[in-house]
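Visitor: I would like a close look at a single part of this model, namely its largest cavity and the helix packing that can be described along with it. Please take me through it step by step.

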Amino acid sequence: MNTSLIPDTPEEQNLLLGEHTLGLLDPEREEEIRAWIARDDEAARMALRWQQHWLSVSDRLPPEPASDSLWKRIDASLTRLKQAPASAPTSREETRQPSWLVRWLGGGIGLGLGAGLALALAMQVGPFAPQEGIDTGTPDMAVQAPDTIEQRMVAVLQTLEDPGTPTWVAHVTTAGGLQLTPKANIERPSDRVIELWTLTDPTEGPRSLGLVDPVAGIELSAAQIGSMNPGQLLEMTLEPEGGSPTGKPTGKVLAIGRLVDLNQLDS
Amino acid sequence: MQLAIAQGCDYRHLNNGSPPRGAGTTMPAHTPSASPQEPDTFDHASAIEACARGEESAFRSLYDLESGRMLALAMRLLGSRDQAEDAVHDAFIKLWSNAGQYRRELGNGRAWLFSILRYRALDQLRAQGRTPRGNSDALETLADLLANPEAAADNTQTAHQLSDCLGELELPRREPILLAFFKGLTHEQIAEKMSSPLGTIKGRIRAGLKLLQECLSR
């Protein structure tokens, strides 16, 4: 990860974290700050101090009585959570420097295509490539009225060994789903499966998006993937049959990439 | 979920930093506290650590104590009760899942809990394109709240200070900070709402935060 965007002085860092706690930062910057907080105790301390100070403001609001149904929903979700395959309660020492974080920050996160290259690759091999027999009408989304602009986000996933070669292309569909298409053959042992992950909240860690068919790819609905934002990481790892036993990536990273907003690149 | 009430701990009467009271203390079954404990006399850190150990009574105590305040903040941010309840639901599930990651040496447990809610609500806003919602007079109401020190009588001394300091800021610096905090607006949206150049808004917020820091350190 490029840390050069993090200010050098504690005072500037503190002000930046104040802006973060207010939610003022753009999504890419926001993700960078969350990753910084996850790996740097002093940043976490400063951010929590801001949060504590803001409590004095939010506490001025009169409490809203929660409905009975809210607790019932939480209760039901908790029951499901406890019945789910072990996502292994982690000890404090284990969570101090989680292996997924070390790997994502140390290896994966630094790997990224330049925005221009991502756009070029996406246009060549991605979902926006012209298709034979289909009149695309040369859509120019950049000149559509603002309220009709579609979100066009793609991620070109690369291997750590050969970062110049796209292996998979992911794109967020107009319905808010995610479609992942293989662009190169990924070899895997017969007793291993490929699992797709995303990282939205460093305090939560990578979240599984499910197992991926290495030939057909995968398509997920908006409800399955949750919100997707520019800069968000996607990663595929090799896992035992049935998927990761811990709920977090455990095997080799096969490919990794970030979502890029093509509308931003157009402008 | 069947709460292990009889076997659980009651964290309502603990002071910050105190070790958990022994097991066996009972809490009213599934009814919100008749005389709600105030947040500053509750040991959030110990309750979160108890959640990490799987103690459901601690989870329920946190819910009883904080769900109303969390819901109030989420409703301000998201503009609807349904969405706010979604955010509070997700925040509590994440609390249970991630309680093992909380480290009290890094900060206040209550701040950690509310930061989970705030992340969740802001993510919801981003997913929606962050369209500002809610009553147009929200800021006036909040300005009234800030102008009334009595309204915050239940806060800790440390927590009192920022709201007091915020009240001391001149309006051009205070207003964009309140718009960000309560409405989840970005720099750009605040600039548009206040009909001011983006750079001006960024500068005012930075200057406002700096003044708040100076005020807090006095």
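Guide: The residues that line the largest cavity are Q51(A), W54(A), L55(A) and S58(A) from chain A, together with L73(B), F114(B), R118(B) and F181(B) from chain B. The model is a predicted one, and the description that follows should be read with that in mind. Rolling a probe the size of a water molecule over the atoms shows where empty space is left. The structure holds 2 cavities of 30 Å³ or more, and the volume of the largest is about 50 Å³.

Turning to the elements behind this lining, α3 of chain A, which spans 41-58, and α4 of chain B, which spans 109-127, each supply at least two of the lining residues. The most is given by α3(A), with 4 residues. By class, the lining of the largest cavity comprises 5 nonpolar residues, 2 polar ones and 1 charged one.

One of the helices named above, α4(B), also packs against another helix of chain B. Two packed helices are described by the angle between their axes and the distance between the axes. For α3(B), residues 81-98, and α4(B), the axes come within 9 Å and cross at roughly 130°, which makes α3(B) oblique to α4(B). The crossing in which α3(B) passes α4(B) is right-handed. On the α3(B) side the contact is made by Q83(B), D86(B), A87(B), V88(B), D90(B), A91(B), K94(B), L95(B) and N98(B), and on the α4(B) side by W112(B), L113(B), I116(B), L117(B), R120(B) and Q124(B). Sorted by class, this contact of α3(B) with α4(B) has 8 nonpolar, 3 polar and 4 charged residues.

A further packing pair joins the two chains. Helix α4 of chain A, residues 68-83, and helix α2 of chain B, residues 56-78, pack at an angle of about 150°, and their axes are 12 Å apart. Since angles over 145 degrees count as roughly antiparallel, α4(A) and α2(B) are therefore roughly antiparallel to each other. Here too the crossing, that of α4(A) past α2(B), is right-handed. From α4(A) the contact involves L70(A), W71(A), I74(A), L78(A) and K82(A), while from α2(B) the contact involves E56(B), F59(B), R60(B) and Y63(B). The contact of α4(A) with α2(B) has 6 nonpolar and 3 charged residues, with no polar ones.

Terms used. Residues numbered from 1 in each chain as written. Chains lettered and ligands numbered in written order. Predicted model: local features only at pLDDT ≥ 70, side-chain atom pairs only at ≥ 80, totals over all residues. Heavy atoms only, no water. 1 Å grid on protein atoms, 1.4 Å probe; cavity = no way out; pocket = protein on both sides within 12 Å on 5 of 7 lines; lining within 4 Å. Points joined across faces, edges and corners; volume = space filled by probe spheres on them. Nonpolar A, V, L, I, M, F, W, Y, C, P; charged D, E, K, R; others polar. Axes fitted to C-alpha atoms, helices over the stretch in contact; angles between N-to-C directions. Parallel < 35°, antiparallel > 145°, perpendicular 65-115°, else oblique. Left-handed = near helix turned anticlockwise from the far one by under 90°. Contact = heavy atoms within 4.5 Å.
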